[in-house]
Structure formats: structure tokens, C-alpha cells
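Reader: Could you walk me through the terms used for this model? I would like to see how each label is earned.

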Amino acid sequence: MKSSAAAIRETRSPDAHPDRFRINPFTFGLLGALGVLVALLIGSIIGQLATVLVYTGVALFLALGLDPIVSRIERRLPRPAAVAIVVIVVLLAFAGIVLAIVPVLVKQISNLVQSAPQVVDDVMASEWYRQLTAQFGSNFDDAVASALKFLQDPSNIGQIGGGLVAVGAGIAGGVTGITIVLILTLYFMGSLRGMKRLAVRFVPAYQRPRFRELLEDVSGAVGRYVIGQMSLALINGVLSLIMLSIIRAPLPALLALIAFIGSLIPLVGTLSASIVISLACLIESPTTALIAAIYYLVYMQIEAYVLSPRIMSRAVAVPGALVVIAAVAGGALGGVLGALVAIPIAASLIIIVQKVVFPAQDRKTEAPEGRVAPIVAGVRVTSENKS
């Protein structure tokens, strides 16, 4: 006679009542379809909020970069005063850049438009133009004549104007985005410590000290990287403005701004900006372009072997191979912004591995129960014979 416990186990077993544990195929398919629809809805929402998420991420990235400056000022002043000082300096710097560059750009673009016919005549009268004409013959003349005919046709003014309107809309959108990022950055700077305390609250109490230390290390690495990269970009922008003004390059302020923005992008940014600037200098003369190209070749060597090691060695300790891999992967996934944040993310992962993964592995000095221990020199290592 079966015991009561055995009878209960037999009653609860799947073999005793198989129909009770079957799922209706229609119900299974309906639940799967609902799951797919929910996933598509979440993806659509994220796609719609992509711009907002990018603005928020960039603002948080910049706030972490400015936090070390706030912390240094905080040694002598209260934190609200330190944040206020950094905010005022950032606003003044932003306003100074706008006031210094925009009038110059407007003036230089106006001068370029007024002198465009003379520039075309000078190019067509230059020696290298005559050499190209002699080499390619009528094909080159026909291409130039077609381009001039297109520009002189009044019916094409509407197309050019539409393109200018689109460019203007893009510039206005960029200014709006910069303003939003600036406002969010200032807000994050003021509430960064509160945000860190809130993040720590999501971790169990016994793990909070370790998590707080890890969070400070990661945020510090990001901050040092931002400051280092901004320093390199500022050096490149200032030196480019001086050099381009000396060689009388066209639109030196705009080209220096391109050099500054290019230096913010790891690895390929400075090279790409140098190529663009050198090609733009062809408008003035081939000699000007050659001087600019030689200057940037020399500067890139100085930046790679002198400036970058001295500045970035104190910012993030990331091996060179990982820098290349992170920058390429970030650029492939997120474009320019992905390349910007790839290296600090790699540095943060290295910190997590060094302070979480490695210590956890080092604490595993004995094989778990039920697992065969390794054999070293013909002797099986166990907890009994381990010395």
C-alpha cells in the first residue's frame, strides 16, 4: 500500500496528469506575438527618443568631464560656489567663441563671395590650370564651362537657394542641440552627486561601499579623458588659427574651428581635419595648401609622441591596441559620438575588470565541491594535499 506522501507525489507528477501541464498552441502563439509587438513598440519608442537620448548622453559625458574641475575648486570653496564658477566660465567661453567666430565667419564668407569671380579668373590664369588643360584637352574645358554655365543660369538659383535653406535649417538645428546639451550639462553638474547617491541606492547595502568606490573611479576616468581631449583640441585649434592667419589661408577662423572639432575625435579626427583644411587652402594657392599639409604632418607627429602621451597618460590608462579597437568599434556603432565615448567606456570596463572581476577570480583558491580538481605534475590538487 502506498504511503500518503508517495500518493501526493504521484498526483503532482507531470506523468500522472499530462494534460494539466500542456499549453494551448493558440495561447502560446498569441503570447509570442504579443512579446514581439512589445519589443517592436519599445524599439520604436527608443528610435523616436534617439535624439533626446543622444543629447542626454553627451550632456552627462561633459558633466563628468567638468566634475574634476569642480572638485578641485571645491577644496577652497563650497560646492555651490564651485559649480557656479565653472558654469559662468563655460557660459563665457561659449559666448566668447560665438562672438569671436561668427562675425569673422560672416565677414570672410562675404569677402569670399565678392571675390569669387576674381578667384575664378586667377585660377584659370594659373600655371597648374594651364597644365591640366594641356593634359586633358577639351574635356577639362568642357567640364569647367558646364559648371560656370550652371552657376550663371538664373533657373538654377532656386535649387541653390533650396540647398542653402536646408543648410541653414541644419545649422539652426545644430545650434538648438548645442543649447539643449549646454543646459543639461549645467543641470547635471549641479546634481551629479545626488545622481550618484541615487545610483548607489539601487545596490544592496552590504555592497554599497565597494560600488561607490567603483563609481567614483569610473566617473573620474571619464572626467580626466574629457579634459585631456579638450586640451589637445584647444591646442590644435589655437595653433591652427595662428598658422592659417600667417599663411593667409581662406576662412582661417572656420578652418581652425574644423581643426578643433576634428581633434575631439580620437585617431582619425586630426588627420581628417588636416586633409580638409589642406584641400581648402587650394583656393588660395597650391603653395598655401602645401605649407598647410607640411605643418599638419609635423604637428601630428608632435601630438602623437609629445603632447598626447603627456596629457592622456594622466587621464586614462588604456593600451594602444584597445584604443584603436574601441575607437573603430565606437565609430561603427555610433558615428562621431560613438568614437568620442568609446575610449572612456573602454577605460571604465578596464577599471571594472581590474577591481571586480580579477579580485573575484583571485578569491577562488579551491575547486567547488563535485568538480574534479586539476592535476599538476601528476598529483591531483585537493583541499587535503594543497600546501
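**Labels and their cut-offs**

Author: Happily: H3 and H9 are roughly perpendicular to each other. This is a predicted model, where local features need pLDDT of at least 70, side-chain atom pairs count only at pLDDT 80 or more, and totals for chains, interfaces and linings use all residues. Residues are numbered from 1 along each chain as its sequence is written, and side-chain values use heavy atoms, with hydrogens and water left out.

Reader: Why are H3 and H9 called roughly perpendicular?

Author: The axes of H3 (residues 50–74) and H9 (residues 208–246) cross at roughly 90 degrees and come within 7 Å. Angles of 65 to 115 degrees count as roughly perpendicular, so the label fits. Contact means heavy atoms within 4.5 Å, and Phe61 and Leu64 are among the H3 residues that meet H9. The residues of this contact divide into eight nonpolar, three polar and one charged.

Reader: What makes Thr288 buried?

Author: Buried means under 20% relative accessible area (1.4 Å probe, protein chains only). Thr288 has 7%, so it is buried. Thr288 sits in helix H12 and touches Ile247, Ala249 and Cys281, leaving aside residues up to four places away in sequence.

Reader: How do you know that Thr288 and Ser285 make a polar contact?

Author: Their side chains are joined at 2.9 Å. The limit is a pair of N or O atoms within 3.5 Å, one able to donate a hydrogen and the other to accept it, so the pair qualifies.

Notes: Axes fitted to C-alpha atoms, helices over the stretch in contact; angles between N-to-C directions. Helix = DSSP H or I, 4+ residues; strand = E, 2+ residues; numbered from the N terminus. Parallel < 35°, antiparallel > 145°, perpendicular 65-115°, else oblique. Nonpolar A, V, L, I, M, F, W, Y, C, P; charged D, E, K, R; others polar. Buried < 20%, exposed > 50% of the residue type's maximum accessible area, 1.4 Å probe, protein only.
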